[in-house]
Amino acid sequence: MAFAEFISLWYMPAGVSIAGFLIFGKRAFIPIFLAVFFVSFRFAEQFEQGFDPAHLASATLFALAHTVPYGLGGLLARHWLSHFAQHGLPQRIIGLLVIYALAALLAALSGLMVWEFTTETNSGILEEGWFAWWLGDLVGVMVIAPLMCLILPRFSRKRLPWLDEFYAHDRRLRADLKPFLLKLIVAVSAVIGILILDSKITHPGVAYFVFFVSIPQLWIVLTERTSYATASLVTITVFMAFGVGVFDVTDQSITYQFALYITAAISYFAVSIPALMQRNNQLAELSMLDLLTDLPTKWLFKSLVTQVVKSSRPNQNHCIALYNLDNFKKINDEYGQTTGDEVLRQSSQIIKNELRDSELLCRCEQDTFVVFLPNLDIEEATKRANELRHKLPVLHIDDLILPIRGSFGVAQVQFGESIDKTVERATRALQQAKLEGRNKVVAIS
């Protein structure tokens, strides 16, 4: 995969290292340092040619030049993702990409400086090779780090909530390999086709077609699990990196490097789209159901009732009954909020069970509920509200016996009137029921 000495299309140890620090924190320093030192020292050559202290110093410098930049980058990325969870996922991805770029740049510059310092025949390599080295390291970080973030947590005892968010929507998707493999074949075929075309046509612009590979990769990211998208990015990179050598198009290596970086960057941003969609679905669910009583919220109630009223005939009557639990504040004050919540939960469930199929109950606010009574005029609705009032229970909560009572205000939906206006009139009727001594139904025209 190398197209120049010490320069490749992607440098896999960079991604492994930064992911190690990202997952394990400072504990990753010693194993990563020793691994790079072991590779740089070349023990076999030392045993054959005899020990050379200069090689020991060079290996130590190379290990530091690699471990320190990626250690700083990995720890900073870990802090950014874990302590700034209040930022949206796109903002955190931007910060992550900036950290990756700076860490790879520092590693490239320090590595080249050590190389130039420890060898006599490579003066000026810093000016000539920093960009290709940096880009190769950066591609390695962006491609391998997500893969390692899937693997390494299996060896960590700590759960990483800030990492789970990237893969949260995977649970909503089936682990169906067949469609994923078909999309991956399309992406890999595109890579191989472009490499063959580049090797046959001696025009430098042909290599730029490789940027179109980001389209099938984006297709995978938006429609498949994040873990599958990670695997596809690695696969595309492997085929492209090996293909540059196999098809002898190394003169366009920088173009392919940059295409890999752009494809990876697009994939990072695209990952946030399914995550945002899942978050929106969760917010939509929260906006529809009250968490305490599991009843529809006022927003959903208004939406449903508005649709019913709009589709009704002009002579079709509908009413709304607004009710409030009497002396609920006293229950909260004397027995605590936990008991108060239980009163709301149990009493609303009992009223819900008494409703007809066409009727709808929702929680407006703390202890105020509203019932939609379709196909009833004001007199029929008043009678129906009285029936529901008598269904309010005597609750047994722990050692407490709490008789629950309620005041009801009933209003008929007027032609052309918004539901908010009807609720306002029902609220005035409810206030009148409270003034008249509570535990009664008051209707308003």
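Trainee: In this predicted model, which residue in E8 is the bridge partner of Leu325?

Mentor: Strands of a sheet pair through backbone hydrogen bonds, either parallel or antiparallel. Here the partner of Leu325 in E8 is Gly406. That pair belongs to the junction of strand E3, residues 318-325, with strand E8, residues 406-412. The two strands run antiparallel and are joined by 7 bridges.

Trainee: In what order do the strands of the sheet come?

Mentor: The order is E4-E5-E3-E8-E9, an open sheet of 5 strands with mixed pairing. Strand E4 (360-365) and strand E9 (441-444) stand at the edges; each has a single partner strand, so one side of each is left without a neighbour in the sheet. From one strand to the next, the twist averages 20°.

Trainee: Which helix packs on the sheet, and which strands are touched?

Mentor: Helix H12, residues 298-310, packs there and touches E3, E4 and strand E5 (368-374). The direction of H12 makes about 135° with that of E4.

Trainee: How is E5 paired with E3, and how with E4?

Mentor: E3 and E5 pair in the antiparallel sense over 7 bridges, and Cys319 has Leu373 as its bridge partner in E5. E4 and E5 also run antiparallel, joined by 5 bridges. For Cys362, the bridge partner in E5 is Val370. E4 and E5 form a hairpin, with 2 residues between them.

Trainee: How many residues of E5 are buried?

Mentor: Buried means under 20% relative accessible area. In E5, 7 of the 7 residues are buried, so the strand is largely enclosed by the rest of the structure. Both faces are covered. Thr368, Val370, Phe372 and Pro374 lie on one side, with Phe369, Val371 and Leu373 on the other.

Trainee: Along strand E6, which side chains are buried and which are not?

Mentor: In E6, residues 394-397, the side chains alternate. Leu395 and Ile397 point to one face and are buried, whereas Val394 and His396 point to the other and are not. E6 is joined by 4 bridges to strand E7, residues 400-403, and the two run antiparallel. Leu395 has Leu402 as its bridge partner in E7. E6 and E7 form a hairpin with 2 residues between them, and Asp398 in the turn has a positive phi of about 55°.

Trainee: Why is H14 called oblique to H15?

Mentor: Angles over 145 degrees count as roughly antiparallel. The axes of helix H14 (residues 337-354) and helix H15 (residues 378-391) come within 10 Å and cross at roughly 135°. That makes H14 oblique to H15. H14 passes H15 in a right-handed crossing.

Trainee: Which residues of H14 and H15 meet?

Mentor: Ile350, Ile351 and Glu354 in H14 meet Arg384, Leu388 and Lys391 in H15. By class, the residues of this contact divide into 3 nonpolar, no polar and 3 charged.

Trainee: Where does Thr118 lie, and why does Thr118 count as partly exposed?

Mentor: Thr118 lies in helix H5, residues 89-118. Thr118 has 27% relative accessibility, so this residue counts as partly exposed. Setting aside neighbours within four places in sequence, Thr118 is in contact with Ser58, Leu61 and Phe62.

Trainee: How far apart are Thr118 and Leu97 in sequence and in space?

Mentor: Thr118 and Leu97 are 21 residues apart in sequence and 31 Å apart in space, taken C-alpha to C-alpha.

Note on methods
Residues numbered from 1 in each chain as written. Predicted model: local features only at pLDDT ≥ 70, side-chain atom pairs only at ≥ 80, totals over all residues. Heavy atoms only, no water. Pairing = 2+ DSSP bridges. Axes fitted to C-alpha atoms, helices over the stretch in contact; angles between N-to-C directions. Contact = heavy atoms within 4.5 Å. Parallel < 35°, antiparallel > 145°, perpendicular 65-115°, else oblique. Left-handed = near helix turned anticlockwise from the far one by under 90°. Nonpolar A, V, L, I, M, F, W, Y, C, P; charged D, E, K, R; others polar. Buried < 20%, exposed > 50% of the residue type's maximum accessible area, 1.4 Å probe, protein only.
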